[in-house]
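Me: Please take a close look at one part of this model for me. I want a single loop residue placed first, and then its surroundings and the whole chain.

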Amino acid sequence: MPIKPEQLAALMQEVEQEDPIDFADLPFPEDELRTLVATHLCEMAASMENFSTEDRLMTLLAVSAKLVLENLVLHVQLLRRHGLPVSDNVEALLDRLKKGEGPAG
């Protein structure tokens with residue numbers, strides 16, 4: 001039985017308890033944004049119903065990795081725009097990338 005958008009949105013909100021999202025002053029209700037994203041991801045998962053389990057997992061991992069990368073890039077851009085320092089972990093990662101060492105160093 002596929003997960004419903006409402007269930008995914010509730011799970012998203014549970015995960016946010018550990019790592020809250022700063023919605024700042026966006027002119028959109030948080031619950032509506034969660035539901036929009038949950039609906040999109042449930043539709044994406046449903047479109048992969050003919051994929052093998054391994055292909056589905058790889059696709060979902062690729063989507064997740066892309067979103068994490070996009071979040072990192074936007075976070076660093078925002079900090080730099082406001083002249084704020086990035087965390088030590090992010091700075092170390094960026095230094096390794098500049099040197100061509102990759103994340104594992």
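Reply: Start with Ala 24. Its relative accessibility is 63%, so Ala 24 counts as exposed, the cut-off being over 50%. Ala 24 sits in the loop that joins H1 and H2. Its backbone deserves a look as well. The phi angle of Ala 24 is positive, about 50°, although the residue is not a glycine. Keep in mind that this is a predicted model.

Now step to the helices on either side of that loop. Helix H1 covers residues 5–18, and Glu 16 is part of it. Is Glu 16 buried or exposed? Its relative accessible area is 12%, so Glu 16 is buried, the limit being under 20%. What does Glu 16 touch, once neighbours within four places in sequence are left aside? The contacts are Ile 21, Phe 23 and Arg 34.

Helix H2 spans residues 30–47 and holds Leu 33. Leu 33 has a relative accessibility of 23%, so it counts as partly exposed, between the 20% and 50% limits. Leave out residues up to four places away in sequence, and Leu 33 touches Phe 23, Leu 26 and Phe 28. Phe 23 therefore appears in both contact lists, that of Glu 16 and that of Leu 33, with contact meaning heavy atoms within 4.5 Å. Leu 33 can also be placed against a residue further along the chain. Ser 64 is 31 residues away in sequence, and the two C-alpha atoms are separated by 17 Å.

Next, the other end of the chain. Helix H4 runs over residues 88–98, and Leu 94 belongs to it. Leu 94 has a relative accessible area of 16%, so this residue is buried too, under the 20% limit. Its contacts, not counting residues up to four places away in sequence, are Val 76 and Arg 80. Val 76 lies 18 residues from Leu 94 in sequence, and their C-alpha atoms are 9.9 Å apart.

How far can these details be trusted? Confidence varies by helix. H4 has the lowest, with a mean of 79, and H1 has the highest, at 95. Read the Leu 94 details with the H4 value in mind. Over the protein, the average pLDDT is 88, and 96% of the residues score at least 70.

Now widen the view to the whole protein. There are four helices and zero strands. From the N terminus on, the order of elements is α-α-α-α. The radius of gyration is 17 Å, whereas a compact globule of 105 residues would have one near 13 Å. Along the principal axes, the C-alpha atoms fill a box of roughly 45 × 35 × 20 Å.

Burial can be put in the same frame. Of the 105 residues, 14% count as buried. Glu 16 and Leu 94 are among them. As for contacts with a separation of 6 or more, 29% join residues 24 or more positions apart.

Last, the surface and the charges. The accessible surface comes to about 8700 Å², and carbon and sulfur atoms account for 60% of it. The protein has 9 positive and 19 negative charges, and the mean positions of these two sets are 8 Å apart.

Back to the starting point, then. Ala 24 is exposed, in the loop between H1 and H2, with its positive phi of about 50°.

Methods. Residues are numbered from 1 along each chain as its sequence is written. This is a predicted model: local features need pLDDT of at least 70, side-chain atom pairs count only at pLDDT 80 or more; totals for chains, interfaces and linings use all residues. Side-chain values use heavy atoms; hydrogens and water are left out. Helices (H or I, at least four residues) and strands (E, at least two) are DSSP runs, numbered from the N terminus. Buried means under 20% relative accessible area, exposed over 50%, partly exposed in between (1.4 Å probe, protein chains only). The radius of gyration is taken over C-alpha atoms; the globule rule is 2.2 Å times the number of residues to the power 0.38. Accessible areas come from the Shrake-Rupley method with a 1.4 Å probe; for residues, only the protein chains shown count as cover. Lys and Arg count as positive and Asp and Glu as negative; His and the chain ends are not counted. The place of a charge is taken as NZ of Lys, CZ of Arg, CG of Asp or CD of Glu. pLDDT is the predictor's confidence in each residue, from 0 to 100.
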